[in-house]
Amino acid sequence: MGDYIFGGIFSLHSAFYGQGTFEKPPLFFNLITKRIHPKNYQHVLAAVFAVHEINKDPMLLSNITLGFRIVDNYYMGIMTYLYTLQLLTTQERGIYNYICDAQLLAIVGGLDSENSIQISNIVGVYKIPQISYGSFDAVLSDKIRFPFFYRMIPNESLQFKGIIQLLLHFSWKWIGIMAPDNNGGEKFLRFLTIMLSKHDICVSFTQTLATKTASETEIKTEFDKIETIYSQTSANVVVASGDSRDLLMFTIWMDCNAYYKEIPFVTKVLIMTAQWDFTAVNSKGLWFLKPFHGALSFTIHTNNVPGFQDFLDTLDCLYPKGDIFIQEFCLSAFKQGYYNDDMNSVKYEINGRGKGKMKSLPGAVFERVLSGQSYSTYNSVHILAQAFNAIYSYGSKYRHLKKWGESSFLNMQQWQLHRVLKAIGFNNSAGDKIYFNEDQESTDGYDIVNCIIFPNESFSQVKVGRVEQQSLKNLVFTFKDNAVVWNNWFNQTTPHSFCTDNCQTGYYRQLRQGKPVCCYDCIPCPEDMISNTTDAQYCSQCPDDEHSSQGQDECIPKSIDFLSYTETLGILLASSSIILSFITVLILIIFIKLRKTPLVKANNRDITYALLFLLLLCFLSSLLFIGKPRRVTCLLQQIMFGLIFTAAVSSVLAKTITVILVFKAIQPGSKMRTWLKKSVANSIMLLCFLGQFVICVAWLSISPPFPDLDLTSQRTKVIVKCNEGSVAMFYCVLSYMGFLAFISFIVASFARNLPDSFNEAKFITFSLLVFCSVWVSFVPTYLSTKGKYMVAVEIFCILASGAGLLGCIFFPKCYIIIVKPGLNCKDHLIRKVL
């Protein structure tokens, strides 16, 4: 016992009831079978070990002995209510509301949430603190309903967050969920499904498992249901929640499946919640645990407590020393089966199977390292002692002594302990900080362990990760990928689990109609859009100065492009311009040297010289279009082109009109001689030129050309070009020049049949026909090309139209001058006229 005690309500057995005959007291008359869970016996030993440590510590509860009363509730509500009431009194026949001997400080228990609620319903009336070591139900966080309930485990919401983080860590987006067919399983499915949907994790199936089956037919139906869902799903990851009893049917099915099937269906990664200790189910062979090899399990945080294994070594099944559970545990553990034998055979059984020492038991039956629930039990007892010690040593405002015999004890009400429990904290012997948060829950977090089954019938649970809530918004998740051992069917490679294979970079997801968000098709990104992550929801547009790579997974800077002197097209056009300029200069020299010959004199030398000079400027002006556009070249390009060509066409018009006037003037009685002055031709040229000049000045005033970047014409290139500034003014220049060319063509057409052997009107007509044809075809061609080829088209039209004028007007004259100089005489001219 002790001067003060706590009550421990543990779940060591599971029991089944039959129909009663009312021949015995109603509590035990129909208990037909019971089964001990050897793993749960460690919970009791952890509490006993904690009491031994406390009573040996001279700094803790000086001169006071802490005791305990431990009961087994068989996982049953009726037993839980009964034993909770019995803990409130020490009398054989319960006399409640009286303290008959040692005072009850608190209750440590229970393991199951339903049992914890039943305990709290009773002890809450007396304001007695209750510390649970394994109850996860969120309803117990309601401090209005359960104000005196504490739990030495984290809130279950942290476990939900940990599951989500684990799934995201491995990119497992297609999973199955299995939970018991009860209230706890329903809540688990509801909360987890909501959280999964927030993170685009899809559920392939949800399967509820029957927790109780009575007949072979029901068992077979349950097995068929599990096998059907497992064989049809493509999910490689299954999250299973529930305690060992709830998932017993699922465990047995996996056992049978792994043992009897050549190719088992259990080729899944199991993620188990902290409620399920799969090793808590008694096993008779290694094959029972094979399906759990490589599984990942969330567990209540545990640590190595110094001295616990030495304490286990002091236990002897042959000498129970008041432990009412040890002999039954030992017989069950050493026999690996149910206990149905007479207790008189215990010594014989134990002597033959390990001499009654705990260290001879395999880990699959009894672990020597504290489990998470045992560690929570250990901390629960210690924090209870720390709280009581704080009141006893320092709480003078609560302190009032009363004498029982020769000893003095603190007259304390249990509700006073409640105040201290909410605020106290301490470091345990394992070095962990133990305290309750504002919700009266532990803040230790959850460990993530990897279950490894060895061929020698042993197993290990290797800690590979952890999840903890350091603050309201700071969730810390750690995981060691290289420490995980996967099941053999994954060939030690990280398993994948998706409804659809991941979309690679360069693709984006397109959801399938009527399917979960994890089921989608992978569609290539459109041109100039990229995705550089797997499973991209959309493609990103590249900046205007970049283009997508061939794999559509990165943006590459576009190359700068313009018509340069170093490329073939630029060299060809520049060479053509220089050659035509050279030919024009050569013709001009010939005409200047032979300026006194009849042929040159008869064709208005001044206009001829002007036209040749203007054609030379036309050919040279095309060079302004080659090379990287700059502000000056952009201003000069179109303006010089417009003015020079206008002047050239004006000179052709003036030349044509002069030819007509000459032939009109030589007619008898003609009054046209007064129009044969040079000033007439010059005036025509000047007036026509002034019209274009006004347009160009207006253009420069309104919106002058400027260097610009064309980012969209070509996918992989940035075109450096001259922006016209005002497209309307550019076409006004072309229209005016075209108008003059058209007028010149009409005038030349009238003069083409004049009787002069040196009459150039027909040549002018043909040259203007070529000129007009070139510039009429220029407009659609210019509009249909892009980039530097627009510039090349304009240069070609400049050179072609200029060459047309040069060739059609001057080549026939040069032919006579050079090849047939005999025709270049006055007699020939007079003879032809007559």
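A nonpolar surface patch is built from Leu686, Leu687, Leu690, Phe693, Val694 and Val697, which together offer about 550 Å² of accessible area. Patches take in residues with over 30% relative accessible area and no salt bridge, with nonpolar side chains (Val, Leu, Ile, Met, Phe, Trp, Tyr) joined within 5 Å; a salt bridge puts a side-chain nitrogen of Lys or Arg within 4 Å of a carboxyl oxygen of Asp or Glu. Areas come from the Shrake-Rupley method with a 1.4 Å probe, and for residues only the protein chains shown count as cover. The model is a predicted one, where local features need pLDDT of at least 70, side-chain atom pairs count only at pLDDT 80 or more, and totals for chains, interfaces and linings use all residues. Residues are numbered from 1 along each chain, and side-chain values use heavy atoms, leaving out hydrogens and water.

Val697 sits in helix 17 (residues 678-702), helices being DSSP runs of H or I with at least four residues, and strands E runs of at least two, numbered from the N terminus. Val697 counts as partly exposed because its relative accessibility is 37%, between buried (under 20%) and exposed (over 50%).

Then there is helix 15 (residues 605-621): its 17 residues reach 24 Å from first C-alpha to last, close to the 24 Å expected at 1.5 Å a residue, taken as 1.5 Å times one less than the number of residues. Its buried residues include Tyr609, Leu612, Cys618 and Phe619.

Zooming out, the protein chain has 21 helices and 28 strands, and 51% of its 834 residues count as buried.

How values were computed:
Patches are made of residues with over 30% relative accessible area and no salt bridge: like charges are joined within 9 Å, nonpolar side chains (Val, Leu, Ile, Met, Phe, Trp, Tyr) within 5 Å. Buried means under 20% relative accessible area, exposed over 50%, partly exposed in between (1.4 Å probe, protein chains only).
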